[in-house]
Amino acid sequence: MTTTENARTLTGEEFVAELDGENRAALERLGQLSAAGDAPETLTVERLLQVALKNELEAAEVAALWMGTTTELDVKLAFARQVGDEAKHYRLISERLARLGADASRIDPREGGYSPLFEYLRALQSTTARVAAGQFTREAVALVRNQAFIEFCESRGDLETAALYREQIQPDERHHHELGRVLLARYGVTADEQSVARQAAARTLELAEEIQEMARLKAGISRAPGC
Ligand SMILES: [Fe+2]
Ligand SMILES: [Fe+2]
């Protein structure tokens, strides 16, 4: 950073554009990791949809926790909308699993505990950090992962699951990410807020990558959808 850049705080819009650029490299790497190698034969759409249930539950729950402890009304309502959308995704995925022959009512995605990303996000206190990590960044991760999952579904001939993601789930995740963009530009206007937001976004990407690598190494799971 040059001295001139240090001399003034970025506007909210400038800050979001900068963070978008910083996130892009990590998101591209995540996308490549998601689609890397040949998917093992044992990896099925059904198995990945079960992973998706856990991600949707965690996304809904963290937004619900934040809703109660966020004072800014527009952000509180953005979290409320996200809670509803992620719960709807959970239901749509359960219904799809049922059509694939699985008994979704017997699946409890809380088995095995919540993810380290969930634990990290739920502890965030600053509104700007929550918006940067939970909406702007995590939802961008979801978009990238869901795209890799859509391609996997198509490669296995499951056009119905691909369509569910492309037509119903992805537009919501894009909306959550865009809400994050607007709110971050509105509240990320001081050097302190920007620094907190930048750290939260970076940590979110790190955790997302660690969790993905762990799932691949331990269970051969790649191409899992996000939230
Ligand atoms: Fe989402
Ligand atoms: Fe979702």
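**A two-iron site and the largest pocket**

In sequence, the residues that donate to the iron ion (ligand 1) follow the spacing E-x52-E-x33-E-x2-H. Within this group, glutamate 139 in helix H6 and glutamate 173 in helix H7 are 34 residues apart, a pair that links distant parts of the chain. The model described here is a predicted one. The protein donors of the iron ion (ligand 1) are Glu86 (OE), two OE entries from Glu139, Glu173 (OE) and His176 (ND1), at 1.9 to 2.7 Å from the ion. Glutamate 139 has a relative accessibility of 0% and therefore counts as buried, since the cut-off for a buried residue is under 20% relative accessible area.

For the iron ion (ligand 2), the donor residues are spaced E-x29-E-x2-H-x83-E along the sequence. Distant parts of the chain are again linked, here by glutamate 86 in helix H4 (residues 73-99) and glutamate 173 in helix H7 (residues 159-187), which stand 87 residues apart. Protein donors to the iron ion (ligand 2) are Glu56 (OE), Glu86 (OE), His89 (ND1) and Glu173 (OE), and they lie 2.0 to 2.2 Å from the ion. The four donor atoms subtend angles of 87 to 143° around the iron ion (ligand 2), and the arrangement is therefore irregular. A tetrahedral assignment would require all angles to lie between 85 and 135 degrees.

The two sites are connected through glutamate 86, which bridges the iron ion (ligand 1) and the iron ion (ligand 2); the two ions lie 3.8 Å apart. Glutamate 173 is listed among the protein donors of the iron ion (ligand 1) and among those of the iron ion (ligand 2). Glutamate 86 counts as buried, at 0% relative accessibility, and glutamate 173 is likewise buried, with a relative accessible area of 0%.

Beyond the metal site, the largest pocket of the model was examined. The volume of the largest pocket is about 960 Å³. Its lining comprises 36 residues, of which Val51, Lys54, Asn55, Ile211 and Ala215 are the closest to the pocket centre. By residue class, the lining of the largest pocket consists of 18 nonpolar, nine polar and nine charged residues. At least two lining residues are supplied by each of helix H3 (45-68), helix H5 (116-123), helix H6 (127-155) and helix H8 (191-219). The greatest contribution to the lining of the largest pocket comes from H8, with nine residues. Helix H6, one of the helices that supply this lining, also carries glutamate 139, a donor residue of the iron ion (ligand 1).

Notes. Residues numbered from 1 in each chain as written. Chains lettered and ligands numbered in written order. Predicted model: local features only at pLDDT ≥ 70, side-chain atom pairs only at ≥ 80, totals over all residues. Heavy atoms only, no water. 1 Å grid on protein atoms, 1.4 Å probe; cavity = no way out; pocket = protein on both sides within 12 Å on 5 of 7 lines; lining within 4 Å. Points joined across faces, edges and corners; volume = space filled by probe spheres on them. Helix = DSSP H or I, 4+ residues; strand = E, 2+ residues; numbered from the N terminus. Nonpolar A, V, L, I, M, F, W, Y, C, P; charged D, E, K, R; others polar. Donors = N, O, S within 2.8 Å, 3.2 Å for Na, K, Ca; no water. Tetrahedral: all angles 85-135°; square planar, octahedral: opposite > 155°, others 65-115°. Buried < 20%, exposed > 50% of the residue type's maximum accessible area, 1.4 Å probe, protein only.
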